[in-house]
Amino acid sequence: MIKNVLFDLDGTLVDTAPDLANALNAVRLWRKLPKIPIDVIRPTISLGANVMIKFGFNLEVGEPGFDEIKEKFLDFYSENIAIETKLFEGMDDVLKKIENEQKTWGVVTNKSSYLTIPLLKALSLDKRAACIVCGDTVKHNKPHPAPVIHACKLMQANPASTIFIGDAKRDIESGSKAGTKTLIALYGYIENDANPDTWGADGMVRSPNEIHTKLEQVGK
């Protein structure tokens with residue numbers, strides 16, 4: 001039986017795409033480059049800032065200009081972190097049902113704490129989450145199992161009765177290695193050429209509204 005639910009942040013729990021895309025385009029405008037449509041940027045978001053910058057500026061880590069662009073991107077984003085960001089449609093009902101069933105839920109993200117905590121506070125989620133594990137909370141990031149293992153310890157949860165929901169392959173790998181069940185959030189920021197069928201998850205959901213049905217199926 002599933003008693004604990006862990007969520008990836010970007011693309012699973014909350015739709016951060018508008019504010020992250022705005023930050024990327026703000027730096028592109030600074031570089032006198034045209035804006036990129038949000039739907040084109042969206043599939044890169046769960047892969048992190050480095051991948052977004054590579055996509056937006058055709059620059060690799062270590063190349064001239066990369067660090068300056070990344071700094072401006074993160075500065076703009078941190079100052080405008082919750083302008084358009086919100087829970088995915090139906091997610092608030094999911095969280096309320098989890099809470100009403102006296103189950104626990106938490107967040108496991110590779111996003112740095114200086115961005116994660118203000119974002120969750122702005123959305124009034126920081127006090128509701130039983131744990132918040134960020135990219136700088138433990139030594140290793142996803143796909144390493146350490147963040148999920150740490151989250152389970154914070155919640156005093158058995159990994160076997162815990163499920164981790166994410167929209168990236170590294171989420172599924174992290175949860176599986178940590179001993180939890182896993183669900184793929186197909187509504188999230190999945191890369192265009194990705195094949196979630198090969199990720200080895202215990203299930204998939206096309207919207208937050210499907211989560212509780214899947215929790216019951218996976219927990220049997």
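## A covered strand

Let's start with strand β6, which is mostly covered: 5 of its 5 residues are buried. Keep in mind as you look around that this is a predicted model.

The side chains of β6 point in two directions. T162, F164 and G166 point one way, while I163 and I165 point the other way. Residues on both sides of the strand are buried, and here that word means under 20% relative accessible area.

## The sheet around it

Where does β6 sit in its sheet? The sheet is open, has 6 strands, and follows the order β5-β4-β1-β6-β7-β8 with parallel pairing. The strands β5 (132–133) and β8 (203–205) stand at the edges and have a single partner strand each, so one side of each is left without a neighbour in the sheet.

## Partners, strand by strand

Now follow the pairings. Strand β1 (residues 4–7) runs parallel to β4 (residues 104–108), and 4 bridges join them. One bridge to find in the structure is that of F7, whose partner in β4 is V107.

β1 also pairs with β6 in the parallel sense, over 4 bridges. Here V5 stands opposite I163 in β6. β6 in turn pairs with β7, again in the parallel sense and over 4 bridges, with G166 opposite I184 in β7.

## Crossing over by a helix

How does the chain get from β6 to β7? The path goes through helix α8, and this β-α-β crossover is right-handed.

Helix α8 (residues 169–178) packs on the sheet, where α8 touches both β6 (162–166) and β7 (181–185). The direction of α8 makes about 170° with that of β7.

How values were computed
Residues numbered from 1 in each chain as written. Predicted model: local features only at pLDDT ≥ 70, side-chain atom pairs only at ≥ 80, totals over all residues. Heavy atoms only, no water. Pairing = 2+ DSSP bridges. Helix = DSSP H or I, 4+ residues; strand = E, 2+ residues; numbered from the N terminus. Contact = heavy atoms within 4.5 Å. Axes fitted to C-alpha atoms, helices over the stretch in contact; angles between N-to-C directions. Buried < 20%, exposed > 50% of the residue type's maximum accessible area, 1.4 Å probe, protein only. Right-handed = clockwise from strand over helix to strand, strands pointing away.
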